[in-house]
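Visitor: Please take me through one part of this model at close range. I would like the aromatic packing and whatever surrounds it.

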Amino acid sequence: MYARRFLGCVFILTLLAVASAFAIYQWGGRVLVEQAVPKGHFEPAKAGGGPDYDQAASWVARPDMPDNPAEWRPANDDHVDPTTINARVFYIHPTTYLERDRWNAPLFVGGDTEFRTRIFVQSQASAFNQNARIWAPRYRQAAFGAFLLKSEDAQKALDLAYADVAAAFDEFLRQVPKKSPIILAGHSQGALHLERLLREKVAGTPVAKRVVAAYVVGWPISVKSDLPALGLPACASPDQAGCILSWMTFADPPNADFFHDWEKTKGLNGGERRREEALCTNPISGTSDGMAPPQDNAGTLIPTADMRSATLQAGAIGAHCEKGLLILDGAAPQLGSYVLPGNNYHVYDYALFWGSIRRDAERRLAAWHR
């Protein structure tokens, strides 16, 4: 059912635009803050009981689940399943809870939140299903209003969400084969939690040697002040394993005013953050600060006219890195009319490069096995 409803309504994209994690840098202004920040103070009890990740119900996607959104493929995808898959993916979805009645979403919300969550798992995590079995946890995500200001309540909401993600990762490691290669992926709020997961659960541990790549997409990483604390280097070449990719997609001319506020914060090692030092990996070329023409893009997800399915279109758009941003080259395909202010394609960070992300994972997994 969810595959037929892929990117299924304008309303969803509109709300996703409002919910973009980049609102933490206050492009939305005071009115947005007043209308969207959760009412009252943070109360963990309002989010309900915590997850039991030993139970399948606590996962949006798991290899043994029926109707698994992570197994979706584009209508014209001609890839076939390989005979064996030994890699595993741990994917963290972005913000999908758009209410303001509490600071953290309950684990089982249902309705539009459930639909949005499955859509993201379907359209993002699915890029890895050719190469790996995918695990995507439910977690008591911070409500989108938690990203609109910096406060004690907002930080507690993010800490609660991360605690669930960390517990899910522990269970993931317990259940997957002990020597299997691991791909880590997230977007927006999910990328923020993945960054912390790399720092606290991966860096300096035996798990780091199992990481094929970490796709920390839609959240800025300072090469000098954040990356050293994450325990893995930036991906400099397409055949490199054990490295980190990150990008934030804009059309030209970009307006990334959020960097002004990001530059006022300290990095994970206490150093200064600067826009020109933000990690930008080109998902088409697989290189840091790379450039790639449209013909090199292995495929963009293009929704059908009725928005009920999607096809994979190769060569639709190119991209290059410039001052910490991934800038689109060529006319952007019609993915929907809800690009964020400043030519920000945050919602489409994965969809624009879905085929290239799959190809990238294939190359890095091959490199990991060598």
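Guide: Phe169 and Phe172 are both buried. This is a predicted model. For Phe172, the relative accessible area is 0%, so the residue is buried. Phe169 and Phe172 sit three residues apart in helix α4, which means about one helical turn separates them. Their rings form a stacked aromatic pair, with 6.0 Å between centres and 25 degrees between planes.

Phe172 also belongs to another pair. The search of the whole structure finds 11 aromatic pairs. One of them joins Phe90 and Phe172. That pair is tilted, at 5.3 Å centre to centre and 50 degrees between the planes. It links distant parts of the chain: Phe90 is in strand β2 (residues 87-92), Phe172 is in helix α4 (residues 152-175), and the two positions lie 82 residues apart in the count along the chain. Phe90 has 0% relative accessibility, so Phe90 counts as buried. Both residues are part of one aromatic cluster, formed by Tyr53, Trp59, Phe90, Trp135, Phe169 and Phe172.

Now follow Phe90 into its strand. Six of the six residues of β2 are buried, so the strand is largely enclosed by the rest of the structure. Its side chains point two ways. Phe90 shares its direction with Arg88 and Ile92. Ala87, Val89 and Tyr91 point the other way. All of these residues are buried, Arg88 included.

β2 has parallel partners. With strand β3 (residues 132-137), β2 pairs in the parallel sense over four bridges. Within that pairing, Arg88 has Arg133 of β3 as its bridge partner. The chain gets from β2 to β3 through helix α3 (residues 111-123), and this β-α-β crossover is right-handed. With strand β4 (residues 182-187), β2 pairs in the parallel sense over five bridges. There, Tyr91 has Ala185 of β4 as its bridge partner.

Val89 leads on to the nonpolar packing. Val89 is among the residues touched by Phe128. Phe128 also touches Ile134, Ile183, Ala185, Tyr215, Tyr350, Ile357 and Ala361, leaving aside residues up to four places away in sequence. Ala185, the β4 bridge partner of Tyr91, is therefore met again in the contacts of Phe128. Phe128 itself is one of the residues with the most contacts inside the largest nonpolar core, along with Tyr215 and Phe353. That core has 50 residues. A second, separate core has 48 residues, including Val37, Trp103, Ala146 and Ala208. In soluble globular proteins, nonpolar side chains tend to be buried together.

Next, the cysteines. A search of the whole structure finds two disulfides. In sequence order, the bonded cysteines pair 1-2, 3-4. Cys235 and Cys243 form one disulfide, with their sulfur atoms 2.0 Å apart. The link is right-handed, with 95 degrees about the S-S bond. Cys235 has 0% relative accessibility and counts as buried. Cys243 is buried as well, with a relative accessible area of 0%.

Cys280 and Cys321 form a disulfide too, their sulfur atoms 2.1 Å apart. The torsion about this S-S bond is about -80 degrees, so the disulfide is left-handed. The pair links distant parts of the chain. Cys280 is in the loop between α6 (258-262) and β8 (281-282), whereas Cys321 is in strand β13 (residues 318-322). The two cysteines are 41 residues apart. Both Cys280 and Cys321 are buried.

One last stop is a glycine. Gly355 lies in helix α7 (residues 354-369). Its relative accessibility is 5%, so Gly355 counts as buried. Gly355 touches Ala298, Gly299 and Leu312, not counting residues up to four places away in sequence. The C-alpha atoms of Gly355 and Ile284 are separated by 8.7 Å, and the two residues are 71 residues apart along the chain.

Key
Residues are numbered from 1 along each chain as its sequence is written. This is a predicted model: local features need pLDDT of at least 70, side-chain atom pairs count only at pLDDT 80 or more; totals for chains, interfaces and linings use all residues. Side-chain values use heavy atoms; hydrogens and water are left out. Buried means under 20% relative accessible area, exposed over 50%, partly exposed in between (1.4 Å probe, protein chains only). Contact means heavy atoms within 4.5 Å. A disulfide is a pair of cysteine sulfur atoms within 2.5 Å. Rings of Phe, Tyr and Trp (its six-membered ring) pair if their centres lie within 6.5 Å; planes under 30 degrees apart count as stacked, over 60 as edge-to-face and the rest as tilted. A nonpolar core is a set of buried Ala, Val, Leu, Ile, Met, Phe, Trp, Tyr and Cys residues joined through side-chain atoms within 4.5 Å. Two strands pair if DSSP finds at least two bridges between them. A crossover is right-handed if, with the strands pointing away from the viewer, the path from the first strand over the helix to the second runs clockwise.
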